[in-house]
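Notebook open, coffee at hand. Today I am looking up one helix, one pocket and the overall build of the chain.

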Amino acid sequence: MKFKIEELLEILEKEGLLREASKEVRTLAPTSFTDNSKEAEPGAFFVCKGFAFKREYLEMAEEKGAVLYMAQEDFGTGLPRILVTDIRKAVSLAARWFYGNPGESMFVTGITGTKGKTTTAYILKSILDAARPGKTAIFSTMEINTGAHQHVTHLTTPEPAVLQKYFREAADSGCDHVVMEVSSQAMKLSRVYGERFPIGMFLNVDEDHVGEKEHATLEEYVNCKISFLAQCDTVIVNRGTRFFDRVLAGCQGKRVVLYGYEPDCDGIIRNVSSGTDGCRFELGWKGNWYAFESSLVGSFNVENLTAAILAAFLMGLDPGTIQEGIRYIHIPGRMMLMEYDGIHIVVDYAHNRLSFQKVYEAVRETFSPRHIHAVFGSAGERSPLRKKDMGELAQQYADFVYLTEDDPGFESVEDICREIQSHITKPCQIIPDRETAVRTALDAAEPGDVVILAGKGAEVTQRVKGTFVPYISDAKAAQKWIAEKRMQKRQ
């Protein structure tokens, strides 16, 4: 692949981002692109960005062989440079340029929402796989799967240097579709700046991700979600979302497809039923009614299914292929069901008010439990509102509560749990070690009870003080407990 930096400078100038560039820059041919000084190598194009960026990082990259850098300020190292007015927008455009704009060679569907992004992404990928196996990449909270490789990720939407690298990997592996989650943080930090989405989905928006290291206010959070729509050609919107009028106003000039239970929707949902074996419903689309069924549990998943089905219809897929794609589907860490001796176990990634409420309601709807045992915590360095919401919902829906660690970061697990506990008057224990909390709840449960393990899903790490510490995962912790109980029965 040949790189003409003159082309990048023209792109940056056209976007009003270019301040100046060293004369030597125009003669360079970088061989790699990174914003991580640890990954710099001979021939690297290095990007200086981040809230805590230090000159030492640039010096380290230069020592490792970087041939130029891009930044918002001149660090005076003597290395050829490109100076820009907005480094985050600039790095997105530069990454697209370096990797040859790979997103333009594929059909990229973007999904945003407070809840349901991962589930909807996997549903749509499953449908597309039923139509053309091996042609769809997925970029989600759980994984990046480019068709060629599966990558672990700690961000819902990767930073541009990584995102475009994976786009290129997907295109080179033969994928012609990408289904990806687009977070509000990605929009705030311009991670997908310059990218176009033939189809975008707006699932819902509710109070969350407001705090010192996330969004300053609910207003900013909602605006960041809505700003995604400007980069889409067709937008699929949940008619029942909060702030619907504002969302619709953000769709100016776009083709809008509404879905929901209201008769004025383009995709009309009716006759919903849900049980332990999954859900069933009918969907009205362009004057016809189609019956669908899926192994996904909880009537709330009908909305996620509908969004993905409408995207598939818009792509020209037939109802039979869509039904094949959704009939038997498993979403890692989302409403995973297990059972032992009459005790039902639900593992879910729920970590905010909207997702928690949906899980509690689905458990009541599906199982009519004697008692609900809830095991959860709250991520550190997040809004106090999230802890309050979790406590109030546990007070409303759960009978027994076990508070534990869930990505505490630099906060104390005990302090986080005590803050949640202040909103609970029902029986509540604080058990910092998560696997111990899971086992304590399962030991206390009796036939007819449901134990909800919420917050981590299938994740196998805990974010603690700037590092990721291995964790068995809630699913494996429950499976381990079940295996031990069965072994004890046989003895």
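**Entry 1, helix H5.** I started with H5, which runs over residues 160–172 and has 13 residues. I looked up its reach from first C-alpha to last and found 18 Å, close to the 18 Å expected at 1.5 Å a residue. A reminder to myself: this is a predicted model.

Next I checked burial. In H5, 10 of the 13 residues are buried, so the helix is largely enclosed by the rest of the structure. I noted the charged pair Arg168 and Glu169 among the buried residues, along with Leu163, Tyr166 and Phe167. Just after H5, I found Gly174 with a positive phi of about 100°.

**Entry 2, the second largest pocket.** I looked up the volume of this pocket and got about 330 Å³. Its lining has 19 residues, and Asn204, Asn238, Glu303, Leu354 and Lys358 lie nearest the centre. Strand S13 (255–260), helix H9 (301–314) and helix H11 (353–367) each give two or more residues to that lining. Sorted by class, I have seven nonpolar, six polar and six charged residues there.

**Entry 3, the whole chain.** I find 15 helices and 24 strands in the protein chain. The radius of gyration is 24 Å, close to the 23 Å from the globule rule for 491 residues, so the chain is as compact as a globular protein of that length. Along the principal axes, the C-alpha trace spans about 75 × 55 × 45 Å.

I also noted that 56% of the 491 residues count as buried. Of the contacts with a separation of 6 or more, 66% come from residues 24 or more positions apart.

Methods. Residues are numbered from 1 along each chain as its sequence is written. This is a predicted model: local features need pLDDT of at least 70, side-chain atom pairs count only at pLDDT 80 or more; totals for chains, interfaces and linings use all residues. Side-chain values use heavy atoms; hydrogens and water are left out. Helices (H or I, at least four residues) and strands (E, at least two) are DSSP runs, numbered from the N terminus. The expected span of a helix is 1.5 Å times one less than its number of residues. Buried means under 20% relative accessible area, exposed over 50%, partly exposed in between (1.4 Å probe, protein chains only). On a 1 Å grid over the protein atoms alone, a cavity is a set of points where a 1.4 Å probe fits but cannot get out, and a pocket is an open set with protein on both sides within 12 Å along at least five of seven lines; lining residues have an atom within 4 Å of a point. Grid points are joined across faces, edges and corners, and a volume is the space filled by probe spheres set on the points. The radius of gyration is taken over C-alpha atoms; the globule rule is 2.2 Å times the number of residues to the power 0.38. Contact means heavy atoms within 4.5 Å.
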